[in-house]
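Please walk through this structure with attention to how its charged contacts, its covered and uncovered segments and its backbone details fit together.

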Amino acid sequence: MVASGSNEVLAKLYAANTPNTFWQLLVEPRVSQAEWADAIQVAASILPRNDRCNSVDADHTISMVLGEELFGPKRWQLSWSSRLYYQLKPLLPRPLRILLRQLYRRQQEVHFALGWPVEDRYVRFQFNCVTNVLRQRELDSVPYVNLWPNGHRFALVLTHDVESELGLASVQYIADLEERLGFRSVFNFVPERYPIDHDLLSALRQRGFEIGVHGLNHDSKLFSSWQLFEQKAIKINRYLHVWEASGFRAPYMHRNPKWLQALNVEYDLSFFDTDPYEPMPGGTMSIWPFSLGSFVELPYTLTQDHTLMTILGARTPRLWLDKVDFIERWHGMALVNTHPDYLREPSYLAIYEEFLTTMKERKNYWHALPRNLAHWWRQRAHFQPQWHDGQWDLSSLPGATISHFSAMEIY
Ligand SMILES: [Zn+2]
């Protein structure tokens, strides 16, 4: 696929996500760009494509996937039906809103181009790339810098968006529950929608939780024009600074990779691997973080609580735990977004608590705050392993360990 015009600009935002930086293979001589290009060319046959992206160009394969090009040139705009819904939403009683979402659900599922809740094609693509390198080099296995620090198999990140004053009142309770079970999370607050309790923010920080920014006033208009976004970004940056926050999530997962570059963030949380139920359905297909221009993107990979509990009517965390199994298998990042507003409902809270207690029993993952995880991912991507006296020196990347990739592992 030949990218052109604004696609070219967008592709640049994703350019740092090469298989070389992703895998950090420990092999001499290093895998050349030409070798990777060949490997990508072969592996790309597994990726979904349509008439917009129907031929393979190694340089753009990854940016095409992460940039959600499958969903067309208008993928960062709301459809007319979504715009109408958001205009009417404040006038509709909550039960009617839920009914509409449930009715609309079927249509969203039928027209969705990705797998859900598991979309494995980009995941397999990444592993197939290394398999192809092994084949070219006639090797059975290859060492690489483990994707997560201290030899962990996968990662777990807990995030919360605090939508309203009702949610704000539940923050303490959720933090207590998580702390009791040994977890920490980020709470993303809306700066200009409800009064912010700065004592609560600093108490959370002291207990090891993180504070993030969730939009500006949560009015669904943040991305309605670049001019408006640019003005609001100035205010958002001020809150990021005052709150000592490093991360942002857009309300309703409205997102625009280019515009988001105006924010002074270490990481963003507004994208996801696959989700047919959002106002802008789509997905980056990535169960790992990735570099997005100036920041690291941490896509959510577990279904949002509202979708799981209200739209799909789940009564257990089974869907989340099954996805964690998939993520564990492929060394990914389990990132979940739950809302203190919805967890006020005891049956919803029980599902979240069951999820946490089940995860507490599992030992082989790195539980990290998003800030620390984004930092690790950035450091690892920039890491230049050195070959000294017959061995690899990983000492300049604290936590780095060596894992072995075997082609057998992926089947
Ligand atoms: Zn929100």
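In this predicted model, Arg124 counts as partly exposed because its relative accessibility is 25%, and Asp120 counts as partly exposed because its relative accessibility is 25%. The side chains of Asp120 and Arg124 meet in a salt bridge, with 2.9 Å from N to O. A search of the whole structure finds 15 salt bridges, and some of the others deserve a closer look.

One of them joins Arg137 to Glu35, with the closest N and O atoms 2.8 Å apart. This pair links distant parts of the chain, since Arg137 belongs to helix H7 (residues 121–137) and Glu35 to helix H3 (residues 33–43), with their positions 102 residues apart in the count along the chain. Glu35 is buried, because its relative accessible area of 17% is under the 20% limit for that class, whereas Arg137, at 21% relative accessibility, counts as partly exposed.

Another salt bridge stays within a single helix: the side chains of Asp322 and Arg318 meet at 3.0 Å, N to O. Asp322 and Arg318 are 4 residues apart in helix H12 (residues 318–329), so about one helical turn separates them. An α-helix has 3.6 residues a turn, so residues three or four places apart point the same way. Asp322 is partly exposed, with a relative accessibility of 39%, and Arg318 is also placed in the partly exposed class, with a relative accessible area of 47%. Elsewhere, salt bridges that share partners join Asp176, Glu179, Arg184 and Arg207 into one network.

The charged contacts can be set beside the open space in the model. Rolling a probe the size of a water molecule over the atoms shows where empty space is left. The largest pocket holds about 1,200 Å³ of space, and its lining is made up of 44 residues, of which Tyr85, Lys89, Arg97, Arg101 and Tyr252 lie nearest its centre. Sorted by type, the lining divides into 18 nonpolar, 13 polar and 13 charged residues. Helix H5 (80–88), helix H6 (94–110) and helix H11 (305–311) each supply at least two residues of this lining.

Helix H5 also leads to the surface, for Trp80 has its place in this helix. Trp80 counts as exposed because its relative accessibility is 63%, above the 50% limit for that class. Together with Leu84, Leu88 and Leu91, Trp80 forms a nonpolar patch on the surface, and the four residues have about 470 Å² of accessible area together.

What, by contrast, is the situation of helix H4 (residues 58–66), and how many of its residues are buried? Helix H4 is mostly covered, with 8 of its 9 residues buried, and these are Ala58, His60, Thr61, Ile62, Ser63, Met64, Val65 and Leu66. After H4 comes Glu68, whose phi is positive, near 55°.

Positive phi values are found at other places in the backbone as well. Gln24, a residue other than glycine, has a phi near 50° and is found in the loop between H2 and H3; with a relative accessible area of 6%, Gln24 is buried. Met253, likewise not a glycine, has a phi near 55° and sits in the loop between strand S5 (247–249) and strand S6 (267–268), where its relative accessibility of 2% makes it count as buried.

The loop between helix H2 (19–23) and H3 also contains Pro29, and the peptide bond from Glu28 to Pro29 is cis, with omega near -10°. A cis peptide bond likewise runs from Trp116 to Pro117, with omega near 5°, and Pro117 is found in the loop between H6 and H7.

Finally, two pairs show how residues separated in sequence can be brought together in space. Tyr352, in helix H13 (residues 346–361), is buried, with a relative accessible area of 0%, and lies 8.5 Å from Asp305, C-alpha to C-alpha, although the two are 47 residues apart in sequence. Asn150, in the loop between strand S1 (141–145) and strand S2 (154–162), is exposed, with a relative accessible area of 56%; Asn150 and Trp366 are 216 residues apart in sequence, yet their C-alpha atoms are 8.5 Å apart in space.

Key: Residues are numbered from 1 along each chain as its sequence is written. This is a predicted model: local features need pLDDT of at least 70, side-chain atom pairs count only at pLDDT 80 or more; totals for chains, interfaces and linings use all residues. Side-chain values use heavy atoms; hydrogens and water are left out. On a 1 Å grid over the protein atoms alone, a cavity is a set of points where a 1.4 Å probe fits but cannot get out, and a pocket is an open set with protein on both sides within 12 Å along at least five of seven lines; lining residues have an atom within 4 Å of a point. Grid points are joined across faces, edges and corners, and a volume is the space filled by probe spheres set on the points. Ala, Val, Leu, Ile, Met, Phe, Trp, Tyr, Cys and Pro count as nonpolar, Asp, Glu, Lys and Arg as charged, and the others, Gly among them, as polar. Buried means under 20% relative accessible area, exposed over 50%, partly exposed in between (1.4 Å probe, protein chains only). Patches are made of residues with over 30% relative accessible area and no salt bridge: like charges are joined within 9 Å, nonpolar side chains (Val, Leu, Ile, Met, Phe, Trp, Tyr) within 5 Å. Accessible areas come from the Shrake-Rupley method with a 1.4 Å probe; for residues, only the protein chains shown count as cover.
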